Amino acid sequence: MLLPHPDDYMHQLIVTSGGDAVRMWREEIKKAWEHQCAYCGSSDNLTMDHVRPRSMGGQDKTNNVVCCCHKCNKSKAATNWEDWYSRQDFFTLDRYHAIREWTQPTFVGPMKRLVRGKNGNPTRYVITQPA
């Protein structure tokens with residue numbers, strides 16, 4: 001079961017430790033990419049890549065992390081994935097579209113929203129349901 005964030009595996013009581021949650025989350029991402037690099041398709045030396053690098057504000061969220069081989073991860077580094085990927089010999093439109101689709105927000109469940117008072121200070125949180 002692929003969840004939006006590693007912590008969700010603990011919140012859903014699927015695992016009981018943070019380390020187990022991260023390992024399960026990473027394995028589920030690899031399964032979703034069929035144990036192949038999202039960029040080149042290799043199945044050798046797989047890691048995780050933040051599509052939008054953390055140094056550029058990218059988060060540890062499922063829609064920002066893809067299965068990636070070490071070679072692509074090292075080559076891409078902290079650059080914009082679209083700029084980098086479009087210059088690669090192994091670029092394909094199918095993989096490009098798959099990564100673009102993956103990075104779109106998909107969570108449609110209840111969300112916690114901060115409500116601010118008249119003076120702009122936070123007053124409380126409310127749970128909202130999707131429209």
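Where is the place of Pro53? Select this residue in the predicted model, and you will find Pro53 in the loop between β1 and β2.

**First stop: Pro53**

With Pro53 still selected, colour the protein by accessibility: Pro53 has a relative accessible area of 7% and therefore counts as buried, the cut-off being under 20%. Now show what surrounds this proline; leaving aside the neighbours within four places in sequence, Pro53 is in contact with Gly58, Lys76, Ala77, Ala78 and Thr79. For one of these partners, Lys76, you can draw a C-alpha to C-alpha distance, which comes to 9.5 Å, although Pro53 and Lys76 are 23 residues apart in sequence.

**Second stop: the whole chain**

Zoom out and switch to a cartoon view, in which the protein shows five helices and four strands, arranged along the sequence in the pattern α-α-β-β-α-α-α-β-β. Of the 131 residues, 29% count as buried, and if you turn on the surface, the accessible area comes to about 8,800 Å², of which 51% belongs to carbon and sulfur atoms. Among the contacts between residues at least 6 apart in sequence, 42% join residues at least 24 apart.

**Third stop: helix α5**

Next select residues 93-102, which form helix α5, and display the side chains of the buried residues Tyr96, Ile99 and Trp102. Look down the axis of α5, and these buried residues fall within an arc of 130°, so they line one face of the helix. Rotate to the face turned away from that buried side, where the exposed residues Leu93, Asp94 and Glu101 are carried. To see what covers the buried residues of α5, add the elements that take part in this cover, including α2 (18-32), β2 (65-69) and α4 (81-86).

**Fourth stop: the nonpolar core**

In soluble globular proteins, nonpolar side chains tend to be buried together. Here the largest nonpolar core has 25 residues, and a useful selection is the set with the most contacts inside this core, namely Ile29, Trp33, Tyr39, Val66, Cys72, Trp81 and Ile99. The elements that give two or more residues to the core are α2, β1 (46-50), β2, α4 and α5, and β2 contributes the largest share, five residues.

**Last stop: Ile29**

Finally, centre the view on Ile29, one of the residues with the most contacts inside the core, and show its surroundings. Leaving aside neighbours within four places in sequence, Ile29 is in contact with Leu2, Met48, Val65, Val66, Cys67 and Trp102. Among these partners, Trp102 is already familiar as a buried residue of α5.

Methods:
Residues numbered from 1 in each chain as written. Predicted model: local features only at pLDDT ≥ 70, side-chain atom pairs only at ≥ 80, totals over all residues. Heavy atoms only, no water. Buried < 20%, exposed > 50% of the residue type's maximum accessible area, 1.4 Å probe, protein only. Contact = heavy atoms within 4.5 Å. Areas by Shrake-Rupley, 256 points an atom, 1.4 Å probe, with all protein chains shown as cover. Arc of directions from axis to C-beta. Core = buried A, V, L, I, M, F, W, Y, C linked by side-chain atoms within 4.5 Å.
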